[in-house]
Amino acid sequence: MRFSNDRGYAMAALLVALSVMGILMSMALPVWQTAAKREREAELVFRGEQYAQAIELFSRRNGGFPPNLAVLEEGRYIRRLYKDPMTPDGAFQPVYLGQPLPGQIGEQPQTGRGGAPGLPLPGAPGQAGRGGLPAGAGPIIGVVSASTEESLRLYNGRGRYSEWAFVALAATAQAGAPVGAQNPGVP
C-alpha cells in the first residue's frame, strides 16, 4: 500500500515543475521580443545607410541623383536592394528631392544622414506627396521606412521608423546650406 501513495506525489511534482516553467517562459518572452526588435532596428539603420551611401556614390559619379532604386543595383552602387525589416512587405519608401521630411516642418534643422531640412519624403504609396509634388516625382535622394511604429531608440532625434530618413550627404549640401569656407582662400 505504500507504493500507491508515491504515485500521487510524482504527479504533483510534475504539475509544479510545469507551472514554474510556464512562469519563467512568460517572463522571458518580453525580453526576447525586445531583443528581436533591437536587432531589427540595427538592421534597419545598416540597410538605410547602405542606400544613402549608394545614392551618394551614384550622385558623385553621375552628377545627379538616381531616378529609381533599381538603377543603384544595376550600376553596382549597392550589392542588392535591401528590404525594410520593419514592414511585412519589406518595401522602403523612396525619398524624393524637393519634399520635406516627416517631423521636420517648422523644427530646428538637424545634421547628418536623415536630418537635413527641406529634403523629401513621399506620402503614402499611391498618394500625392508633401510639398505639392506627387509621390514618385523627381530624383531619389534617400529612403525611409514605411512603418509608423514607435522605435525603442532614437535615430537623429526621431522616435518613429517613418521619421528615420536615410539621405545621401550630397543631397544635404545641395539642399541649401553652403559647404566649406565662405571666403575663398580663408579656411
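1. A salt bridge here is a side-chain nitrogen of Lys or Arg within 4 Å of a carboxyl oxygen of Asp or Glu. With that in hand, the structure holds 4 salt bridges. Please keep in mind that this is a predicted model, so what follows is a friendly reading of computed values.

2. Let's start with the overall layout. The chain has 3 helices and 5 strands, and along the sequence they come in the order α-α-β-β-β-β-β-α. Of its 187 residues, 34% count as buried. The exposed area of the chain is about 11400 Å², and carbon and sulfur atoms supply 58% of that. Among contacts with a separation of 6 or more, 61% are between residues 24 or more positions apart.

3. Next, the interior. The largest nonpolar core has 29 residues, and Leu-44, Tyr-51, Leu-72, Trp-164 and Phe-166 touch the most other members. Helix H1, strand S1 (93-96), strand S2 (140-144) and strand S5 (165-167) each supply at least two residues of this core. H1 gives the largest share, with 7 residues. As general background, nonpolar side chains in soluble globular proteins tend to be buried together.

4. Trp-164 is a good residue to click on in the viewer. Leaving aside neighbours within four places in sequence, Trp-164 is in contact with a list of residues that includes Glu-41, Leu-44 and Val-45, as well as Val-143 and Val-144. Ser-151, Arg-153, Leu-154 and Tyr-155 are also among the contacts of Trp-164.

5. Strand S1 deserves a look too. Gln-93 and Val-95 point one way from S1, while Pro-94 and Tyr-96 point the other way. In a regular strand the side chains alternate between the two faces of the sheet. Here the residues on both sides of S1 are buried. S1 pairs with S2 in the antiparallel sense over 4 bridges, and the bridge partner of Gln-93 in S2 is Val-144.

6. Two of the salt bridges belong to helix H1. Glu-43 and Arg-47 meet at 2.9 Å, N to O; both lie in H1, 4 residues apart, about one turn of the helix. Arg-60 and Glu-56 meet at 2.7 Å, N to O, and they too lie in H1, 4 residues apart, about one turn of the helix.

7. How exposed or buried are the partners in these helix pairs? Glu-43 is partly exposed, because its relative accessible area is 26%, whereas Arg-47, at 17%, counts as buried. In the other pair, Arg-60 is exposed at 63%, and Glu-56 counts as buried because its relative accessibility is 9%, and buried means under 20%.

8. Another salt bridge joins Arg-160 and Glu-150, at 3.6 Å, N to O. This pair links distant parts of the chain, with Arg-160 in strand S4 (residues 158-160) and Glu-150 in strand S3 (residues 150-155), 10 residues apart. Arg-160 is partly exposed, with a relative accessible area of 33%, while Glu-150 is exposed, at 51%.

9. Finally, the surface. Which residues form a nonpolar patch there? Met-11, Leu-14, Leu-15, Leu-18 and Met-21 do, and together they have about 520 Å² of accessible area. Leu-18, one of the residues in this patch, lies in helix H1 (residues 2-62). H1 is also the helix that gives the nonpolar core its largest share.

Technical notes:
Residues are numbered from 1 along each chain as its sequence is written. This is a predicted model: local features need pLDDT of at least 70, side-chain atom pairs count only at pLDDT 80 or more; totals for chains, interfaces and linings use all residues. Side-chain values use heavy atoms; hydrogens and water are left out. Patches are made of residues with over 30% relative accessible area and no salt bridge: like charges are joined within 9 Å, nonpolar side chains (Val, Leu, Ile, Met, Phe, Trp, Tyr) within 5 Å. Accessible areas come from the Shrake-Rupley method with a 1.4 Å probe; for residues, only the protein chains shown count as cover. Buried means under 20% relative accessible area, exposed over 50%, partly exposed in between (1.4 Å probe, protein chains only). Contact means heavy atoms within 4.5 Å. A nonpolar core is a set of buried Ala, Val, Leu, Ile, Met, Phe, Trp, Tyr and Cys residues joined through side-chain atoms within 4.5 Å. Two strands pair if DSSP finds at least two bridges between them.
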